[in-house]
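Student: I've got a new structure open and I'd like to talk it through. Can you help me see what the descriptive words rest on?

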Amino acid sequence: MNVYPLSPVDHIFTGVGSQPITFAFSYNQVLDPGLLEKSLHETLSYFPILRSKLVKISKTDYEFHISEEGLTFDVRESKVNFEKAGGIEQYIIPVNSIAGKPLTKITLTQTPGGSVLAVSISHALVDGFSYFHFFSSWARICRGESIIKPSLQRDVLLANFTKDEKIITANDIYTNCGLFFGGKRRELKTGPVYEERFSLSKDTVRSILEDTKNGPGISLTENDIITALLWQKYIPLWSKENKNQQTYVTCPVDIRRVMNGLPRNYFGCALSFGTAAINFNGLLGASIGDLAILVRNSVRKVKNDYILRSSGTLESLRKQKGPDAMEQVHLRHPHHGIIVTNLTRLPIRYLDFGSGAPPDFLAYVDVLGGAAILPAEKGVDIYVAHPPP
(Lines give C-alpha, C1' and ligand atoms only; values in the text may rest on other atoms or scores of the structure.)
Protein backbone atom coordinates (compact mmCIF):
# COMPACT_ATOMS: atom_id res chain seq x y z
CA MET A 1 0.00 0.00 0.00
CA ASN A 2 1.40 3.40 -1.00
CA VAL A 3 -1.29 5.69 0.42
CA TYR A 4 -2.60 5.93 3.99
CA PRO A 5 -5.39 8.13 5.38
CA LEU A 6 -5.04 10.54 8.30
CA SER A 7 -7.33 10.21 11.30
CA PRO A 8 -8.93 13.32 12.84
CA VAL A 9 -6.31 13.49 15.59
CA ASP A 10 -3.49 13.08 13.03
CA HIS A 11 -4.54 16.38 11.45
CA ILE A 12 -3.87 18.23 14.72
CA PHE A 13 -0.19 17.43 14.29
CA THR A 14 0.19 18.87 10.80
CA GLY A 15 1.19 22.37 9.82
CA VAL A 16 2.78 25.20 11.78
CA GLY A 17 3.72 24.54 15.38
CA SER A 18 3.39 20.76 15.21
CA GLN A 19 6.28 19.33 17.17
CA PRO A 20 7.68 15.96 16.08
CA ILE A 21 8.58 13.20 18.53
CA THR A 22 12.36 13.33 18.77
CA PHE A 23 14.88 11.58 21.02
CA ALA A 24 18.66 11.21 20.89
CA PHE A 25 20.22 8.16 22.56
CA SER A 26 23.90 7.82 23.40
CA TYR A 27 25.85 4.58 23.06
CA ASN A 28 29.23 3.85 24.63
CA GLN A 29 30.26 1.88 21.53
CA VAL A 30 30.50 3.05 17.93
CA LEU A 31 27.46 1.85 15.98
CA ASP A 32 28.12 0.53 12.48
CA PRO A 33 26.23 2.78 10.01
CA GLY A 34 26.20 0.04 7.36
CA LEU A 35 24.60 -2.44 9.75
CA LEU A 36 22.11 0.19 10.90
CA GLU A 37 21.08 1.04 7.35
CA LYS A 38 20.72 -2.62 6.38
CA SER A 39 18.54 -3.43 9.41
CA LEU A 40 16.59 -0.19 8.93
CA HIS A 41 15.72 -1.21 5.38
CA GLU A 42 14.36 -4.52 6.66
CA THR A 43 12.47 -2.82 9.48
CA LEU A 44 10.79 -0.42 7.07
CA SER A 45 9.27 -3.38 5.25
CA TYR A 46 7.06 -3.73 8.34
CA PHE A 47 6.73 0.04 8.94
CA PRO A 48 6.50 1.43 5.37
CA ILE A 49 4.40 4.42 6.42
CA LEU A 50 7.50 5.97 8.01
CA ARG A 51 8.72 6.71 4.49
CA SER A 52 5.86 9.16 3.92
CA LYS A 53 5.18 12.68 2.86
CA LEU A 54 2.01 14.65 3.45
CA VAL A 55 0.10 15.28 0.22
CA LYS A 56 -2.92 17.58 0.02
CA ILE A 57 -5.63 15.82 -2.02
CA SER A 58 -8.51 18.29 -1.56
CA LYS A 59 -9.36 21.56 0.14
CA THR A 60 -9.79 19.76 3.45
CA ASP A 61 -7.85 16.48 3.18
CA TYR A 62 -4.30 15.22 3.44
CA GLU A 63 -2.96 11.73 2.81
CA PHE A 64 0.31 10.01 3.64
CA HIS A 65 2.05 9.01 0.41
CA ILE A 66 5.01 6.61 0.48
CA SER A 67 8.06 8.26 -1.07
CA GLU A 68 11.76 7.53 -1.44
CA GLU A 69 12.32 11.01 0.02
CA GLY A 70 9.96 10.46 2.95
CA LEU A 71 12.75 9.27 5.26
CA THR A 72 16.33 10.50 5.57
CA PHE A 73 19.32 8.82 7.23
CA ASP A 74 22.38 11.00 7.85
CA VAL A 75 25.77 10.16 9.38
CA ARG A 76 27.78 12.92 11.04
CA GLU A 77 30.82 13.37 13.26
CA SER A 78 31.29 15.46 16.40
CA LYS A 79 34.31 16.11 18.59
CA VAL A 80 32.06 16.60 21.61
CA ASN A 81 30.93 13.61 23.68
CA PHE A 82 27.25 13.29 24.50
CA GLU A 83 27.51 14.05 28.22
CA LYS A 84 29.23 17.38 27.49
CA ALA A 85 26.94 18.47 24.67
CA GLY A 86 24.59 20.52 26.84
CA GLY A 87 21.63 20.00 24.52
CA ILE A 88 20.05 17.80 21.90
CA GLU A 89 20.02 20.27 19.00
CA GLN A 90 23.45 19.37 17.60
CA TYR A 91 22.42 15.72 17.20
CA ILE A 92 19.02 16.07 15.53
CA ILE A 93 17.30 17.26 12.38
CA PRO A 94 13.71 17.86 13.55
CA VAL A 95 10.89 16.95 11.21
CA ASN A 96 8.59 19.68 9.93
CA SER A 97 5.10 18.21 9.42
CA ILE A 98 4.06 20.10 6.31
CA ALA A 99 3.19 18.95 2.81
CA GLY A 100 6.06 17.68 0.69
CA LYS A 101 8.62 17.32 3.49
CA PRO A 102 10.12 14.09 4.90
CA LEU A 103 8.22 12.91 7.96
CA THR A 104 11.03 10.78 9.41
CA LYS A 105 14.63 11.92 9.91
CA ILE A 106 17.31 9.73 11.44
CA THR A 107 20.77 11.01 12.38
CA LEU A 108 23.77 8.97 13.53
CA THR A 109 26.53 11.07 15.09
CA GLN A 110 29.92 9.48 15.77
CA THR A 111 31.76 11.00 18.75
CA PRO A 112 35.05 10.16 20.49
CA GLY A 113 33.09 8.34 23.20
CA GLY A 114 30.72 6.34 21.00
CA SER A 115 27.61 7.03 18.93
CA VAL A 116 24.48 9.13 19.26
CA LEU A 117 21.41 7.85 17.42
CA ALA A 118 18.58 10.35 17.00
CA VAL A 119 15.18 9.72 15.43
CA SER A 120 12.64 12.45 14.67
CA ILE A 121 9.19 11.39 13.44
CA SER A 122 6.12 13.50 12.70
CA HIS A 123 3.56 13.33 15.51
CA ALA A 124 0.94 12.91 12.78
CA LEU A 125 2.51 9.53 12.02
CA VAL A 126 3.18 8.28 15.54
CA ASP A 127 2.55 8.75 19.22
CA GLY A 128 5.05 7.70 21.89
CA PHE A 129 3.94 4.05 21.82
CA SER A 130 4.36 3.76 18.05
CA TYR A 131 7.63 5.69 18.06
CA PHE A 132 9.22 3.17 20.39
CA HIS A 133 7.49 0.22 18.73
CA PHE A 134 9.45 1.13 15.61
CA PHE A 135 12.68 2.01 17.42
CA SER A 136 12.78 -1.19 19.50
CA SER A 137 11.78 -3.29 16.46
CA TRP A 138 14.67 -1.80 14.51
CA ALA A 139 17.04 -2.77 17.33
CA ARG A 140 15.62 -6.31 17.51
CA ILE A 141 15.98 -6.81 13.75
CA CYS A 142 19.54 -5.52 13.96
CA ARG A 143 20.19 -8.23 16.58
CA GLY A 144 18.56 -10.87 14.38
CA GLU A 145 15.46 -11.28 16.55
CA SER A 146 11.75 -11.39 15.72
CA ILE A 147 9.38 -8.46 16.28
CA ILE A 148 5.74 -7.77 17.00
CA LYS A 149 4.42 -6.61 13.66
CA PRO A 150 2.47 -3.32 13.68
CA SER A 151 -1.14 -2.93 12.61
CA LEU A 152 -1.34 -0.37 9.82
CA GLN A 153 -5.15 -0.29 9.71
CA ARG A 154 -5.28 3.47 10.10
CA ASP A 155 -8.84 3.63 8.83
CA VAL A 156 -9.93 2.12 12.18
CA LEU A 157 -9.90 5.65 13.58
CA LEU A 158 -11.97 6.95 10.66
CA ALA A 159 -15.01 4.75 11.30
CA ASN A 160 -17.88 4.75 13.80
CA PHE A 161 -18.13 8.45 14.52
CA THR A 162 -20.64 10.99 13.24
CA LYS A 163 -19.61 14.40 11.95
CA ASP A 164 -21.44 17.36 13.43
CA GLU A 165 -23.49 19.48 11.04
CA LYS A 166 -23.55 22.55 13.29
CA ILE A 167 -20.69 25.01 13.20
CA ILE A 168 -17.93 23.87 15.58
CA THR A 169 -17.01 26.40 18.27
CA ALA A 170 -14.09 26.77 20.67
CA ASN A 171 -16.38 25.51 23.43
CA ASP A 172 -17.09 22.35 21.40
CA ILE A 173 -13.37 21.73 20.99
CA TYR A 174 -12.83 22.04 24.74
CA THR A 175 -15.93 20.15 25.88
CA ASN A 176 -15.70 17.30 23.36
CA CYS A 177 -11.94 17.01 22.89
CA GLY A 178 -10.24 18.52 25.95
CA LEU A 179 -8.38 20.88 23.60
CA PHE A 180 -8.35 24.61 22.92
CA PHE A 181 -9.14 26.56 19.75
CA GLY A 182 -8.14 30.08 18.78
CA GLY A 183 -5.05 31.80 17.43
CA LYS A 184 -2.50 30.12 15.21
CA ARG A 185 0.21 28.09 16.90
CA ARG A 186 3.66 29.60 16.95
CA GLU A 187 6.36 28.20 14.70
CA LEU A 188 8.86 25.92 16.36
CA LYS A 189 12.06 27.48 17.64
CA THR A 190 11.05 31.06 16.91
CA GLY A 191 12.75 32.25 20.08
CA PRO A 192 14.85 31.06 23.01
CA VAL A 193 13.28 28.34 25.12
CA TYR A 194 13.90 28.34 28.85
CA GLU A 195 14.26 24.72 29.86
CA GLU A 196 14.23 23.32 33.36
CA ARG A 197 15.10 19.81 34.52
CA PHE A 198 14.83 18.35 37.99
CA SER A 199 14.35 14.99 39.68
CA LEU A 200 11.75 13.54 42.03
CA SER A 201 12.72 10.49 44.06
CA LYS A 202 10.48 7.44 44.32
CA ASP A 203 10.29 7.96 48.08
CA THR A 204 9.06 11.55 47.66
CA VAL A 205 6.28 10.61 45.26
CA ARG A 206 5.24 7.56 47.28
CA SER A 207 5.14 9.61 50.47
CA ILE A 208 2.77 12.15 48.90
CA LEU A 209 0.66 9.35 47.45
CA GLU A 210 0.37 7.62 50.83
CA ASP A 211 -0.68 10.88 52.50
CA THR A 212 -3.39 11.48 49.91
CA LYS A 213 -6.91 10.41 50.67
CA ASN A 214 -8.43 8.87 47.57
CA GLY A 215 -12.08 9.69 46.95
CA PRO A 216 -14.81 7.04 46.74
CA GLY A 217 -14.08 4.74 43.82
CA ILE A 218 -10.90 6.64 42.94
CA SER A 219 -7.47 5.05 43.03
CA LEU A 220 -4.78 7.62 42.37
CA THR A 221 -1.52 6.86 40.60
CA GLU A 222 1.95 8.30 40.98
CA ASN A 223 1.45 10.03 37.63
CA ASP A 224 -1.68 11.77 38.98
CA ILE A 225 0.34 13.08 41.92
CA ILE A 226 3.23 14.33 39.77
CA THR A 227 0.85 16.00 37.32
CA ALA A 228 -0.95 17.75 40.19
CA LEU A 229 2.40 18.96 41.59
CA LEU A 230 3.39 20.43 38.22
CA TRP A 231 -0.01 22.07 37.74
CA GLN A 232 0.14 23.80 41.10
CA LYS A 233 3.81 24.75 40.78
CA TYR A 234 3.94 26.26 37.31
CA ILE A 235 0.60 27.88 36.53
CA PRO A 236 1.12 30.56 39.22
CA LEU A 237 4.52 31.30 37.68
CA TRP A 238 3.11 31.59 34.16
CA SER A 239 -0.30 33.17 34.77
CA LYS A 240 -0.55 35.95 37.34
CA GLU A 241 -2.81 38.63 35.90
CA ASN A 242 -6.27 37.38 36.91
CA LYS A 243 -6.77 35.43 40.12
CA ASN A 244 -10.28 34.29 39.13
CA GLN A 245 -9.36 32.82 35.75
CA GLN A 246 -9.70 29.12 35.02
CA THR A 247 -6.47 27.13 34.90
CA TYR A 248 -6.04 23.84 33.07
CA VAL A 249 -3.88 20.73 32.91
CA THR A 250 -4.06 18.47 29.86
CA CYS A 251 -3.01 14.81 29.80
CA PRO A 252 -2.58 12.81 26.55
CA VAL A 253 -4.20 9.37 26.88
CA ASP A 254 -3.24 6.28 24.85
CA ILE A 255 -6.58 4.92 23.63
CA ARG A 256 -5.42 1.46 22.54
CA ARG A 257 -6.68 0.02 25.82
CA VAL A 258 -10.02 1.81 25.88
CA MET A 259 -11.33 2.16 22.32
CA ASN A 260 -13.43 -0.66 20.91
CA GLY A 261 -11.90 -2.37 17.88
CA LEU A 262 -8.52 -0.63 18.06
CA PRO A 263 -5.67 -3.17 17.94
CA ARG A 264 -3.12 -3.02 20.76
CA ASN A 265 -0.38 -2.92 18.11
CA TYR A 266 -2.05 -0.08 16.16
CA PHE A 267 0.70 1.99 14.54
CA GLY A 268 -0.17 5.67 14.48
CA CYS A 269 -1.19 8.51 16.74
CA ALA A 270 -3.75 6.86 19.03
CA LEU A 271 -4.25 9.71 21.48
CA SER A 272 -7.16 11.45 23.11
CA PHE A 273 -6.93 14.19 25.71
CA GLY A 274 -8.23 14.56 29.23
CA THR A 275 -8.24 18.10 30.63
CA ALA A 276 -8.93 19.16 34.20
CA ALA A 277 -9.78 22.70 35.30
CA ILE A 278 -9.89 24.79 38.48
CA ASN A 279 -9.83 28.55 39.02
CA PHE A 280 -6.60 30.24 40.04
CA ASN A 281 -7.50 30.77 43.69
CA GLY A 282 -8.73 27.19 43.92
CA LEU A 283 -5.46 25.97 42.46
CA LEU A 284 -3.46 27.85 45.07
CA GLY A 285 -5.55 26.59 47.97
CA ALA A 286 -6.11 22.97 46.90
CA SER A 287 -4.22 20.02 48.31
CA ILE A 288 -2.16 17.91 45.95
CA GLY A 289 -4.62 15.10 46.61
CA ASP A 290 -7.60 17.22 45.54
CA LEU A 291 -5.83 18.26 42.33
CA ALA A 292 -4.76 14.68 41.66
CA ILE A 293 -8.40 13.59 41.87
CA LEU A 294 -9.30 16.19 39.24
CA VAL A 295 -6.52 14.82 37.04
CA ARG A 296 -7.66 11.22 37.54
CA ASN A 297 -11.29 12.08 36.74
CA SER A 298 -10.28 13.87 33.53
CA VAL A 299 -8.34 10.82 32.36
CA ARG A 300 -11.05 8.35 33.40
CA LYS A 301 -13.62 10.00 31.14
CA VAL A 302 -11.55 9.17 28.04
CA LYS A 303 -13.64 6.15 27.04
CA ASN A 304 -15.08 4.92 23.76
CA ASP A 305 -17.97 7.41 23.55
CA TYR A 306 -15.71 10.35 24.44
CA ILE A 307 -13.15 9.29 21.82
CA LEU A 308 -15.77 9.00 19.08
CA ARG A 309 -17.30 12.36 19.99
CA SER A 310 -13.86 13.95 19.99
CA SER A 311 -13.03 12.44 16.58
CA GLY A 312 -16.31 13.61 15.11
CA THR A 313 -15.78 17.15 16.41
CA LEU A 314 -12.25 17.39 15.01
CA GLU A 315 -13.35 15.95 11.65
CA SER A 316 -16.25 18.41 11.47
CA LEU A 317 -13.96 21.34 12.26
CA ARG A 318 -11.59 20.42 9.44
CA LYS A 319 -14.38 19.83 6.92
CA GLN A 320 -16.01 23.15 7.82
CA LYS A 321 -12.92 25.36 8.05
CA GLY A 322 -10.16 23.48 6.21
CA PRO A 323 -6.85 22.02 7.39
CA ASP A 324 -5.47 25.44 8.35
CA ALA A 325 -7.99 25.47 11.19
CA MET A 326 -6.11 22.55 12.76
CA GLU A 327 -3.18 24.92 13.28
CA GLN A 328 -5.43 26.82 15.70
CA VAL A 329 -6.00 23.74 17.86
CA HIS A 330 -3.81 23.84 20.97
CA LEU A 331 -2.98 20.87 23.18
CA ARG A 332 -2.87 23.12 26.24
CA HIS A 333 -4.54 26.42 27.04
CA PRO A 334 -2.19 28.98 25.43
CA HIS A 335 -2.20 31.30 28.46
CA HIS A 336 -3.41 29.46 31.56
CA GLY A 337 -2.57 25.81 31.01
CA ILE A 338 0.09 23.11 31.14
CA ILE A 339 0.27 19.80 29.26
CA VAL A 340 1.96 16.89 31.04
CA THR A 341 3.12 13.80 29.15
CA ASN A 342 4.07 10.62 30.98
CA LEU A 343 7.08 8.99 29.31
CA THR A 344 8.21 6.82 32.22
CA ARG A 345 7.66 3.60 30.26
CA LEU A 346 10.33 4.31 27.68
CA PRO A 347 11.69 0.87 26.65
CA ILE A 348 15.31 1.99 26.85
CA ARG A 349 16.67 -1.49 27.60
CA TYR A 350 15.25 -2.73 24.28
CA LEU A 351 17.12 -0.13 22.19
CA ASP A 352 20.18 -2.37 22.00
CA PHE A 353 21.70 -2.59 18.52
CA GLY A 354 24.17 -5.28 19.56
CA SER A 355 26.53 -3.40 21.86
CA GLY A 356 24.28 -2.70 24.84
CA ALA A 357 21.40 -0.42 25.73
CA PRO A 358 21.96 3.34 25.66
CA PRO A 359 23.07 4.68 29.06
CA ASP A 360 21.67 8.16 28.44
CA PHE A 361 19.26 10.09 26.25
CA LEU A 362 17.83 13.53 25.58
CA ALA A 363 14.32 14.46 24.48
CA TYR A 364 13.44 17.33 22.18
CA VAL A 365 10.49 19.16 23.70
CA ASP A 366 9.44 22.49 22.24
CA VAL A 367 5.82 22.69 23.42
CA LEU A 368 6.04 25.78 25.59
CA GLY A 369 4.09 25.31 28.78
CA GLY A 370 4.66 21.58 28.50
CA ALA A 371 6.22 19.07 30.87
CA ALA A 372 7.46 15.52 30.34
CA ILE A 373 7.86 12.91 33.05
CA LEU A 374 10.88 10.78 32.13
CA PRO A 375 12.33 7.63 33.71
CA ALA A 376 15.28 7.90 36.06
CA GLU A 377 17.21 5.34 38.09
CA LYS A 378 15.94 6.52 41.48
CA GLY A 379 12.61 8.05 40.51
CA VAL A 380 11.65 10.33 37.66
CA ASP A 381 13.19 13.25 35.83
CA ILE A 382 10.95 16.19 35.00
CA TYR A 383 11.53 18.32 31.94
CA VAL A 384 9.69 21.65 31.66
CA ALA A 385 9.68 24.04 28.70
CA HIS A 386 8.65 27.45 30.02
CA PRO A 387 6.56 29.84 27.91
CA PRO A 388 8.00 33.28 27.18
CA PRO A 389 7.42 35.86 29.94
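Tutor: Let's go through helix pairs, buried residues and nonpolar cores, one at a time. Keep in mind that this is a predicted model.

Student: Okay, helices first. What makes H6 roughly perpendicular to H8?

Tutor: The axes of H6 (residues 222-238) and H8 (residues 288-300) cross at roughly 110°. Angles of 65 to 115 degrees count as roughly perpendicular, so H6 and H8 get that label. Their axes come within 8 Å, and the crossing is right-handed.

Student: Which residues of H6 and H8 meet there?

Tutor: On the H6 side they include Ile-225, Ala-228, Leu-229 and Trp-231, and on the H8 side they include Ile-288, Leu-291 and Val-295. Taken by type, the residues of this contact are nine nonpolar, two polar and two charged.

Student: And H5 with H6, why are they called roughly perpendicular to each other?

Tutor: Here the packing angle is about 95°. That falls in the 65 to 115 range, so H5 and H6 are roughly perpendicular. H5 covers residues 202-211, and the two axes are 10 Å apart. Val-205, Arg-206, Ile-208 and Leu-209 of H5 meet Glu-222, Ile-225, Ile-226 and Leu-229 of H6. That contact has six nonpolar residues, two charged and no polar ones.

Student: How do you know that H4 and H9 are roughly antiparallel?

Tutor: Their axes cross at roughly 155°. Anything over 145 degrees counts as roughly antiparallel, so the name fits H4 and H9. H4 is residues 170-177, H9 is residues 304-321, and the axes come within 8 Å. This crossing is left-handed. Among the residues that meet are Ile-173 and Cys-177 in H4, with Tyr-306 and Leu-314 in H9. The contact divides into five nonpolar, four polar and two charged residues.

Student: Now single residues. Why is Val-95 called buried?

Tutor: Its relative accessibility is 2%. Buried means under 20%, so Val-95 qualifies. You'll find Val-95 in the loop between strand S5 (71-77) and strand S6 (104-111). Setting aside neighbours within four places in sequence, its contacts include Pro-20, Leu-103 and Ile-121.

Student: What makes Ile-121 count as buried?

Tutor: The value for Ile-121 is 0%, and the limit is under 20%, so it is buried. Ile-121 belongs to strand S7 (residues 114-121). Leaving out neighbours within four places in sequence, Ile-121 is in contact with Val-95, Leu-50, Tyr-131 and Phe-134, among others.

Student: How do you know that Cys-251 is buried?

Tutor: Compare 5% for Cys-251 with the cut-off of under 20%, and the conclusion is that Cys-251 is buried. The residue is in strand S10 (residues 246-254). Among its contacts, not counting residues up to four places away, are Thr-227, Val-295 and Val-340. Cys-251 and Asp-224 are 27 residues apart in sequence, with their C-alpha atoms 9.8 Å apart.

Student: One more of those. Why does Gly-369 count as buried?

Tutor: Gly-369 has 0% relative accessibility, and under 20% is what buried means, so Gly-369 is buried. It's in the loop between strand S14 (360-364) and strand S15 (370-376). Beyond residues up to four places away, Gly-369 touches Trp-238, Arg-332, Ile-338 and His-386, among others.

Student: Last topic. What makes a set of residues a nonpolar core?

Tutor: The members must be buried residues of certain kinds, Phe, Leu and Trp among them, joined through side-chain atoms within 4.5 Å. The largest one here has 67 residues, and Phe-23, Leu-50, Leu-117, Phe-134, Phe-135, Trp-138 and Phe-353 touch the most other members. Helix H3 (residues 128-142) gives the most to this core, with eight residues.

Student: Which residues does Phe-135 touch?

Tutor: Not counting residues up to four places away, Phe-135 touches Phe-25, Leu-117, Val-119, Leu-351 and Phe-353. Apart from that core lies another, of 46 residues, including Ile-235, Ile-288, Ile-338 and Ala-371.

Student: Why would nonpolar side chains be buried together?

Tutor: As a general tendency, that's what they do in soluble globular proteins.

Note on methods
Residues numbered from 1 in each chain as written. Predicted model: local features only at pLDDT ≥ 70, side-chain atom pairs only at ≥ 80, totals over all residues. Heavy atoms only, no water. Buried < 20%, exposed > 50% of the residue type's maximum accessible area, 1.4 Å probe, protein only. Helix = DSSP H or I, 4+ residues; strand = E, 2+ residues; numbered from the N terminus. Contact = heavy atoms within 4.5 Å. Axes fitted to C-alpha atoms, helices over the stretch in contact; angles between N-to-C directions. Parallel < 35°, antiparallel > 145°, perpendicular 65-115°, else oblique. Left-handed = near helix turned anticlockwise from the far one by under 90°. Nonpolar A, V, L, I, M, F, W, Y, C, P; charged D, E, K, R; others polar.
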